[in-house]
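Let's work through a few exercises on one structure. Have a look around it before you start.

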Amino acid sequence: MNAANSCEQCLPETSVTTWTQRVDGTQCSSGQVCSAGVCGPKCFIGGILYAEDDTQSAAFPVTRGTYHVYELAVDAAKVATVSIDGVAKLTRNNFTANGSIASGDQTNDANVDGAMRINSVERLCP
């Protein structure tokens, strides 16, 4: 393991000249796991990384059969904003991504289930 970064390790079968990132979710310190090569206070539950400050939520009316536009925008300062139908609902500072985005029903409330249909996905790069 790299003494300067506990989320990097020596794997000769991968590289004999550079450190290799440990798998996301690997425990790197007490109460911390690796995410994109950085050790931090996160949880790794069911294969998904959750930041310790996952306290934001957004509610909006839903009408069966109505489509909504969800947008994730990340600016140069690493501030991520999720907008729904053009209205900013959630923000996160110091946002980093691994290229995957998960969405769906995130409630644990009894007898509350959600369904989601994706009509299209667009990637817009400046």
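Below are three exercises on disulfides and a surface patch, each with a worked solution.

This is a predicted model, where local features need pLDDT of at least 70, side-chain atom pairs count only at pLDDT 80 or more, and totals for chains, interfaces and linings use all residues. Residues are numbered from 1 along each chain as its sequence is written, and side-chain values use heavy atoms, with hydrogens and water left out.

**Exercise 1.** Find the partner of Cys7 and work out the handedness of the disulfide.

Solution. Start with the cut-off: a disulfide is a pair of cysteine sulfur atoms within 2.5 Å. Cys7 pairs with Cys34, at 2.2 Å from S to S. Next, the torsion about their S-S bond is about -100°, so this disulfide is left-handed. Both cysteines, Cys7 and Cys34, are buried (under 20% relative accessible area; exposed is over 50%, partly exposed in between, with a 1.4 Å probe and protein chains only).

**Exercise 2.** Do the same for Cys28 and Cys39, then check how covered each one is.

Solution. Their sulfurs are 2.0 Å apart, which fits a disulfide. The torsion is about 90°, so this one is right-handed. As for cover, Cys28 is buried at 15% relative accessible area, while Cys39 is partly exposed at 23%. Searching the whole structure gives 2 disulfides, and their pattern is 1-3, 2-4 when bonded cysteines are counted along the chain.

**Exercise 3.** Is Val121 buried or exposed?

Solution. Val121 has a relative accessible area of 73%, so Val121 is exposed.
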